[in-house]
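Work through the exercises below with the structure open. Try each task before reading its solution.

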Amino acid sequence: MRDFLQCIKYIRLALIVISSFILPIHSYAQGVYFKQLSVHNGLSQNDVSSIVQDSYGFIWIGTYDGLNRFDGIKVESFRKMTANLESLPDNRITALEEDDKKRLWIGTQAGLLSYYSLKKQQFIRVESPENTGVINDFLQANDNTMYAITSTGILRLKEVPEPIF
């Protein structure tokens with residue numbers, strides 16, 4: 001009988017030790033929450049094609065109906081305005097990337113390029129070659145050279161007074 005009680009004591013101790021490892025792990029997993037961002041709270045369209053966080057903390061969201069900036073509370077939308085050359089060149093945003101000069105590069109499905117100066121808070125359209133294809137992504141190399149990855153190849157940015165690809 002004494003051996004049986006000793007065995008029960010060891011089993012109880014083992015259960016306490018095991019549960020002290022399992023319970024804290026379980027309690028940490030309960031603090032994750034998601035908030036949905038959609039057209040109902042300001043997004044220009046629900047189909048998101050690209051997303052990036054800039055160095056100021058804003059979340060930039062590219063859709064097929066413009067560019068959106070989320071500050072954690074509200075969404076501001078930017079779209080092409082036909083007569084305004086200081087607006088987006090196209091509404092179908094396909095690629096976003098911030099470079100080391102605080103420029104948010106914007107690529108479009110029509111192969112048009114622009115950037116948003118985070119310092120001046122304005123859009124600048126950038127000349128690109130004909131038949132560029134869809135802008136799929138951007139890359140800033142270790143030497144700070146900016147590249148645009150397109151459906152027809154890779155473009156390298158030429159830094160002149162007005163940047164061009």
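**Exercise 1: Overall layout and confidence**

The protein has 1 helix and 11 strands. The model is a predicted one.

Task: State in what order the elements run from the N terminus on, and find where confidence is lowest and where it is highest.

Solution.
- Step 1. Reading from the N terminus, the order is α-β-β-β-β-β-β-β-β-β-β-β.
- Step 2. The mean pLDDT of the protein is 86, and 79% of the residues reach 70 or more.
- Step 3. Confidence is lowest in helix 1 (residues 2–28), with a mean of 59. It is highest in strand 5 (residues 93–98), at 98.
- Step 4. Where pLDDT is low, predicted coordinates should not be read in detail.

**Exercise 2: Burial and surface**

Task: Give the percentage of residues that count as buried, and describe the accessible surface of the protein.

Solution.
- Step 1. The protein has 165 residues, and 33% of them count as buried. The cut-off for buried is under 20% relative accessible area.
- Step 2. The accessible surface comes to about 11,000 Å². Carbon and sulfur atoms hold 56% of that surface.
- Step 3. Among the contacts with a separation of 6 or more, 39% are between residues 24 or more positions apart.

**Exercise 3: Two buried strand residues**

Task: For V52 and T108, find the strand of each, decide whether each is buried or exposed, and list contacts beyond four places in sequence.

Solution.
- Step 1. V52 is in strand 1 (residues 48–53). Its relative accessibility is 15%, so V52 counts as buried.
- Step 2. Apart from neighbours within four places in sequence, V52 is in contact with F58, I59, W60, L96 and L104.
- Step 3. The C-alpha atoms of V52 and G62 are 8.8 Å apart, and these residues are 10 residues apart along the chain.
- Step 4. T108 belongs to strand 6 (residues 103–108). With 0% relative accessibility, T108 counts as buried.
- Step 5. When residues up to four places away in sequence are not counted, T108 touches P89, D90, R92, I93, T94, V134 and I135.

**Exercise 4: A hairpin**

Task: Describe how strand 3 and strand 4 pair, and what lies between them.

Solution.
- Step 1. Strand 3 covers residues 66–70 and strand 4 covers residues 75–78. They pair in the antiparallel sense over 4 bridges.
- Step 2. One bridge joins N68 to S77 in strand 4.
- Step 3. The two strands form a hairpin with 4 residues between them. In the turn, G72 has a positive phi of about 100°.

**Exercise 5: An open sheet**

Task: Take the open sheet of 3 strands and explain why one side of each edge strand has no neighbour in the sheet.

Solution.
- Step 1. The order of the sheet is 9-10-11, with antiparallel pairing.
- Step 2. Strand 9 (135–140) and strand 11 (153–156) stand at the edges, and each has a single partner strand, so one side of each is left without a neighbour in the sheet.
- Step 3. From one strand to the next, the twist averages 25°.
- Step 4. Strand 9 pairs with strand 10 (residues 146–150) in the antiparallel sense over 5 bridges. F138 stands opposite A148 in strand 10.

**Exercise 6: Aromatic pairs**

Task: State how many aromatic pairs a search of the whole structure finds, then analyse the pair of F78 and Y116 and the pair of W105 and F138.

Solution.
- Step 1. The search finds 7 aromatic pairs.
- Step 2. The ring centres of F78 and Y116 are 6.0 Å apart and the planes stand at 45°, so this pair is tilted.
- Step 3. F78 lies in strand 4 and Y116 in strand 7 (residues 113–117), so the pair ties together parts that are 38 residues apart in sequence.
- Step 4. F78 is buried, with a relative accessible area of 14%. Y116 counts as buried at 4% relative accessibility.
- Step 5. W105 and F138 also form a tilted aromatic pair, at 6.3 Å centre to centre and 45° between the planes.
- Step 6. W105 lies in strand 6 and F138 in strand 9, so this pair ties together parts that are 33 residues apart in sequence.
- Step 7. W105 is buried, with a relative accessible area of 0%. F138 counts as buried at 4% relative accessibility.
- Step 8. Ring pairs link W60, F78, Y116 and F123 into a cluster.

Key
Residues numbered from 1 in each chain as written. Predicted model: local features only at pLDDT ≥ 70, side-chain atom pairs only at ≥ 80, totals over all residues. Heavy atoms only, no water. Buried < 20%, exposed > 50% of the residue type's maximum accessible area, 1.4 Å probe, protein only. Contact = heavy atoms within 4.5 Å. Areas by Shrake-Rupley, 256 points an atom, 1.4 Å probe, with all protein chains shown as cover. Pairing = 2+ DSSP bridges. pLDDT = per-residue confidence, 0-100. Axes fitted to C-alpha atoms, helices over the stretch in contact; angles between N-to-C directions. Phe/Tyr/Trp six-rings, centres within 6.5 Å; stacked < 30°, edge-to-face > 60°.
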